[in-house]
Amino acid sequence: MAEIAATLYNRNVNGINPTKISEDLSAAIGHTPLIKLRHASEVTGCQVLAKAEMLNPGGSIKDRTALGLILDAESRGTLKPGTVIVEGTAGNTGIGLTLVGASKGYRTIIFMPETQSKEKIDTLRMSGADVRLVPAVPYKNPSNYAHQARRAAEAMNAAHPGSAWFADQFDNTANRDWHEKTTGVEIWEETHGKIDGFVASAGTGGTLVGVARALKAQNANIKIALSDPAGSALASFVEKGELIATGNSISEGIGSSRVTANFADAPIDLAWSIPDTESVPLIHRLVREEGWCVGGSSGVNIAGAIRLARMLGPGHTIVTILADAGTRYQAKLFNAAFLREKEIPVPDWMNAV
């Protein structure tokens, strides 16, 4: 036994396989594991799977988005040594841009609504971003964080041409193109093409639409569903063609009051509006029973996956996204007092903590 162990050690450590070495942070992004969600699978009779995107270097699926946007800008010559990355974000894209940017030698300025979680704000600052918190106002308001980021980049370029690059995650379609080339392809390959449905929430729309395009190109019969948080108008747009929002949600980084360039012409078959009272308990159950600690958007995604699985019936394979970790929302999602204030069910084990 000792000889066998020594042989394996020498083979795996001393005889390092160079194809397993990531040369930098960018090379470590993607190819996240596809995991089975046990509870969601058991209650539906389907195989419900999720891409564990919180295992990316920066802790979220937005690492992929950041990398795709940066590579596209570099190829176009709009991002080059000395250029500062400027973006408006709810947090995760900013973290991705800051970390990928740092690995490539770029500085980052991030405009962010002041209502976002302290954990994400702290992570951005810790990562070296110049974080500029602004009031949380609708997109139609000129003071919206995305507009402020754009104006800041324009002012920098007016003073010093080429000094800033506005990433524009919402309307820069390099976002969805990258998810189509990477995330969607990975899901198809990892399921060996045996997939009946894909469901996810949308903020920019890049993940949902990019994956949808990739999967539909392989099999047009794959059902694509939008799982939308209450308070967002996207589900209404998909189902009725009108941007009508009702209710509200504690989820961050998903939902929208407008159709972005990334979301336009999305090949989506159906949509649901998911209340927090349905999605948040799924997060609590997942960490307690299966060990995965995920954020609010993941709960919305899982709720949508269960709905799609029940609609299609037992025996189908559904894939969704675990977008980021619950540790980025600890003060909200895992705070019994906060949950009671929002009239969201508090699990017994949390009351005991």
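Which residue forms a salt bridge with arginine 76, and how far apart are the closest N and O atoms? The partner is aspartate 72, and the gap between those atoms is 2.8 Å. Please keep in mind that this is a predicted model.

**Salt bridges**

Let's stay with that pair for a moment. Arginine 76 and aspartate 72 sit 4 residues apart in helix H3 (residues 62-76), so about one helical turn separates them. Arginine 76 counts as exposed because its relative accessibility is 62%. As a general point, an α-helix has 3.6 residues a turn, so residues three or four places apart point the same way.

Two further pairs can be set beside this one.

| Salt bridge | N to O distance | Helix and spacing |
|---|---|---|
| Arginine 76 and aspartate 72 | 2.8 Å | H3, 4 residues apart |
| Aspartate 122 and lysine 118 | 2.6 Å | H5, 4 residues apart |
| Glutamate 289 and arginine 285 | 3.0 Å | H11, 4 residues apart |

In the H5 pair, lysine 118 is exposed because its relative accessible area is 59%, while aspartate 122, at 34%, counts as partly exposed. In the H11 pair, glutamate 289 is partly exposed at 42% relative accessibility, and arginine 285 is partly exposed with a relative accessible area of 37%.

The count for the structure comes to 16 salt bridges. There is also a network of salt bridges, which links Lys51, Glu53, Arg64, Glu186 and Glu190.

**Around helix H11**

Both residues of the H11 salt bridge turn up again in the lining of the second largest pocket, which includes Arg285 and Glu289. This pocket holds about 150 Å³ of space. Helix H11 (residues 276-290) gives the most to its lining, with 8 residues. Other lining residues include His39, Pro347 and Trp349. By class, the lining of this pocket divides into 4 nonpolar, 3 polar and 4 charged residues.

Which element gives the most to the lining of the second largest cavity? Again the answer is H11, with 4 residues. Helix H2 (38-44) and helix H12 (296-312) also supply at least two residues each. The volume of this cavity is about 60 Å³, and its lining has 6 nonpolar, 1 polar and 2 charged residues. Among the lining residues are His39, Leu282 and Arg285, and these three names also appear in the lining of the second largest pocket.

**The largest cavity**

The count of cavities of 30 Å³ or more comes to 3. About 70 Å³ of space lies in the largest cavity. Strand S3 (84-88) and helix H6 (145-159) are the elements that give two or more residues to its lining, and H6 has the largest share, with 3 residues. The lining includes Glu87, Gly88, Ala146, His147, Arg150 and Arg258. Sorted by class, the lining of the largest cavity has 4 nonpolar, 3 polar and 5 charged residues.

**Buried residues and cysteines**

In helix H7 (residues 174-181), Ala174, Asn175, Arg176 and His179 are buried. The cover over the buried residues of H7 includes H3, helix H8 (183-190) and helix H9 (206-218).

How many disulfides does a search of the whole structure find? The search finds 0. Two cysteines can still be placed by their accessibility: cysteine 46 counts as buried because its relative accessibility is 6%, whereas cysteine 293, at 26%, counts as partly exposed.

Terms used. Residues are numbered from 1 along each chain as its sequence is written. This is a predicted model: local features need pLDDT of at least 70, side-chain atom pairs count only at pLDDT 80 or more; totals for chains, interfaces and linings use all residues. Side-chain values use heavy atoms; hydrogens and water are left out. On a 1 Å grid over the protein atoms alone, a cavity is a set of points where a 1.4 Å probe fits but cannot get out, and a pocket is an open set with protein on both sides within 12 Å along at least five of seven lines; lining residues have an atom within 4 Å of a point. Grid points are joined across faces, edges and corners, and a volume is the space filled by probe spheres set on the points. Ala, Val, Leu, Ile, Met, Phe, Trp, Tyr, Cys and Pro count as nonpolar, Asp, Glu, Lys and Arg as charged, and the others, Gly among them, as polar. A disulfide is a pair of cysteine sulfur atoms within 2.5 Å. Buried means under 20% relative accessible area, exposed over 50%, partly exposed in between (1.4 Å probe, protein chains only). A salt bridge is a side-chain nitrogen of Lys or Arg within 4 Å of a carboxyl oxygen of Asp or Glu. Contact means heavy atoms within 4.5 Å.
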